[in-house]
Amino acid sequence: MKTTWRSRLMPTLAGWTVALAMFFPIFWMFLTGFKTEITAVATPPAAIFRPTLENYSAVLQRADYVQFAINSVVVALGSTLVALMLAVPAAYSMAFFPTRRTRDILLWMLSTKMLPAVGVLVPIYLLWRNFGLLDTRVGLVLIDSISVLPIVVWMLFSFFREVPSQILEASRMDGATQGQELMHVLLPLSMPGIAATALLSIILCWNEAFWSLNLTTVKAATLTAFTASFSNPEGLFWAKLSAASTLAIAPILVFGWISQRQLVRGLSFGAVK
Amino acid sequence: MATVELKNVRKRFGPQEVIHGVDLAIADREFVAIVGPSGCGKSTLLRMIAGLEEITEGEVLIDGLPVRDVPPARRGLAMVFQSYALYPHMTVAENMSFSLRLAGVPKQERDQKVRAVAAILEMEPLLDRRPRALSGGQLQRVAIGRAMVRQPKAFLLDEPLSNLDAALQAQMRLELVRLHRDLETTMIYVTHDQVEAMTMADRIVVMNEGKVEQAGSPMELYQKPATLFAAGFIGAPKMNFLDARVLDASDAQLALTVVNGVTVEIPGRREAIAPGDRVKLGVRPEHVSIEESGELHGEIKVLEHLGPRTYLHAQLDDGTRLVVQAAGDTGIREGDRPAFRIRADACHVFDAFGRRLT
Amino acid sequence: MAVVAMIETIFFLSLFAEIYVTTGGGPGLASTNLAYLIFRDALFDWDVGRASAGGMLAIVLANIVAFFLVRVVGRSLEDLP
């Protein structure tokens, strides 16, 4: 079936329209960061303006930007690491030694992801308070790794299942213990999948706002809370907020751009199962 | 070198029993082929010997020692998988030396052993390549090489040639026989292809539906099949089977009526048989000939010209099919209605349960 | 399509950060959703009882949608024992 440029025109236009529509707010936010506060809220919205760096300097002057940025990095990496350490054995066991209950367990894990976090806000807050985990990075890593664990387990499970079982049997015949089988054969072969899972987990933890806002205040908050702090009862400082937001998402945007191929590959594998 | 013994081995998957009490004794340095149709349990049996499947009941002994609780790596066996199962992320040399690496063998010795095996299999130029850069035949060699490096007591081969094209299969069959002779090691070979079994094995074990039908040398199986199934499985084209009824049994011969009341007299005494019993008469295509004085009549439906031989597929007057072997340059044609003679002394008789009548 | 709709429904039920940052639920309660309401009850008014009740309600609502979603996803796991 020949595809003429005509038949490709409509889907292409639609795709570009959607992409631009989704990207536009971010682009606008990027621009707004360089406007003065007055220009930022002008109606009609100003497309042409004289750029200024006053917002960025104001944002960066706040002592806690670097602090919060470090927190974001630590929490994202830490949660991913904890999640992986728990998920690899779990996914291994479910992929290669499934029982009658395995299916139910997997579906249950998925269902916990559908739980709205607000539902457990009260108990988690109280628990964290009682254990002295409020406003600590450890506390945040704990809740984030729990939040992201179902996704990590699911993705690792589907990647592990793609490794042909005969190759693992061959390693057993060659004399590998279970640990050696894991280290020398399974992990190397599923490394692309593990990498994609880790990337996704980092991105999800970086963007995590709900728990960061509720469980932390000054010491352990992440960039998401930092961005939110630019709202106050008198109204929003749109320009500063935009500058802060841009700074908050810049690292992860770059990170996502660099790793986009792995991400797409990893996500599409997980979904097709 | 090793002996392998199976004693009343059974396998169950949940409530379903798939291997029903198999007894087998494999001598040192023997090449034993386990053949059977798909699903007969031959691969499962091999995997139980290897340790990749649990033995539900019964004993597997290697060199006289029970191995039920011994993990696969410590049984001293090496397996060649149907899909080769090579490690895609390692080079050929690393694939072959992996087992040595796990055992802590120093690098120099590892390299030495790998090179020795590579020389025997004539695959030195492949050592630094990855599996994805190899052809089917080369992958096969690497799989065999990986097993050889371990210097096992016995080799287990699970349909290793089934993924190769016909020409390569024929070539590899000869190579495996040569290898077996040179290595002087027990080989247990699973296949669904009876040609492989016939040409390569010292002994053949025919399996069907989880049971051993017969075990014996290729010629034994060909000339004296113990069951109807074994008779039909070994030999290509298949043995012809005719429904028959006993007319009279004496010390010298057995008289049967087949097709349309034709009588066949088979020399030799047969036990446990009475007039009126229903039996099956088996006769191989090469023991049927076209002769004017033949007892059976039918029409030639299809001819298969193989060059040195021609197989005539005929339909007898009562609908029974008969395959006859004829010379390559036979003048018979489709639609002809010749008479067929069966060589009475080359016939096999099977009772109603499929057992050979002797 | 159905899967996307269900996932989005669950996601929007718990929409929080956007409200927190932009309108703070106001003016009054105009832009407050269930999630923000629970948050406010728990951490501003310190009415743990009301917040917990709200939490239960949110869970029940999400469960209804999740039930169907899990069924759809479960079909892709048919090959497990």
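1. Two residues are taken to be in contact if their C-beta atoms, placed from the backbone, lie within 7 Å. By this rule, the contact between chain C and chain A draws on 30 residues of chain C and 27 residues of chain A. Four elements of chain C each provide at least two residues of its side of the contact: helix 1 (2–13), helix 2 (17–22), helix 3 (34–43) and helix 4 (48–74). Helix 4 of chain C contributes the most, with 12 residues. Sorted by class, the side of chain C that touches chain A holds 23 nonpolar and seven polar residues, and no charged ones. The reader should bear in mind that the model is predicted.

2. How do the other chain pairs stand? Chain A also meets chain B, with 13 residues of chain A in contact with 16 residues of chain B. On the chain A side, helix 8 (165–173) and helix 9 (178–207) are the elements that give two or more residues. Helix 8 of chain A gives the most, namely six residues. The side of chain A that touches chain B is made up of seven nonpolar, three polar and three charged residues. Between chain B and chain C there is no contact, and their closest C-alpha atoms lie 11 Å apart. Of the two pairs of chains that touch, chains A and C have the most contacts.

3. Chain A merits a general description. It contains 13 helices and two strands. Its C-alpha trace spans about 70 × 65 × 30 Å along the principal axes. Of its 273 residues, 38% count as buried. If one considers the contacts in chain A between residues at least 6 apart in sequence, 78% of them join residues at least 24 apart.

4. Helix 7 (residues 137–161) of chain A includes A:Phe157. Is A:Phe157 buried or exposed? It has 24 C-beta neighbours inside 10 Å and therefore counts as buried, since the cut-off for a buried residue is 20 or more. Setting aside residues up to four places away in sequence, A:Phe157 touches A:Ala91, A:Met94, A:Ala95 and A:Leu106. A:Phe49, by contrast, is 108 residues from A:Phe157 in sequence, and the C-alpha atoms of the two are 52 Å apart in space.

5. The largest nonpolar core has 182 residues, and those touching the most other members are A:Leu156, B:Ile34, B:Leu156, B:Ile188, B:Tyr189 and B:Leu281. Helix 7 of chain A supplies the largest share of this core, 14 residues. Why does the core lie between domain 1 (4–233) and domain 2 (240–350) of chain B? The reason is that both of these domains give residues to it. As for A:Leu156, its contacts beyond four places in sequence are with A:Ala87, A:Val88, A:Ala91, A:Ile194 and A:Thr197.

6. Chain B has an open sheet of six strands, in the order 6-7-8-3-9-10, with mixed pairing. Strand 6 (77–80) and strand 10 (211–216) of chain B are at the edges; each has a single partner strand, so one side of each is left without a neighbour in the sheet. On average, and with direction ignored, neighbouring strands of the sheet are turned by 15° against each other. Helix 4 (residues 136–149) of chain B packs on the sheet, where it touches strand 6 and strand 7 (154–158) of chain B. The direction of this helix makes about 175° with that of strand 6 of chain B.

7. Within this sheet, one pairing may be examined further. Strand 3 (residues 31–35) and strand 9 (residues 203–208) of chain B run parallel and are joined by four bridges. Which residue of strand 9 stands opposite B:Val32? It is B:Arg203.

8. A final point concerns B:Asn8, which belongs to strand 1 (residues 4–13) of chain B. Only a count of neighbours is needed to classify this residue: B:Asn8 has 11 C-beta neighbours inside 10 Å and so counts as exposed, the cut-off being 12 or fewer. Beyond four places in sequence, B:Asn8 is in contact with B:Gly21, B:Asp23 and B:Gly58. In addition, B:Asn8 and B:Glu59 are 51 residues apart along the chain, while their C-alpha atoms are separated by 6.8 Å.

Methods: Residues numbered from 1 in each chain as written. Chains lettered and ligands numbered in written order. Predicted model: local features only at pLDDT ≥ 70, side-chain atom pairs only at ≥ 80, totals over all residues. Nonpolar A, V, L, I, M, F, W, Y, C, P; charged D, E, K, R; others polar. Core = buried A, V, L, I, M, F, W, Y, C linked by C-beta atoms within 7 Å. Domains from an automatic or database assignment. Pairing = 2+ DSSP bridges. Axes fitted to C-alpha atoms, helices over the stretch in contact; angles between N-to-C directions.
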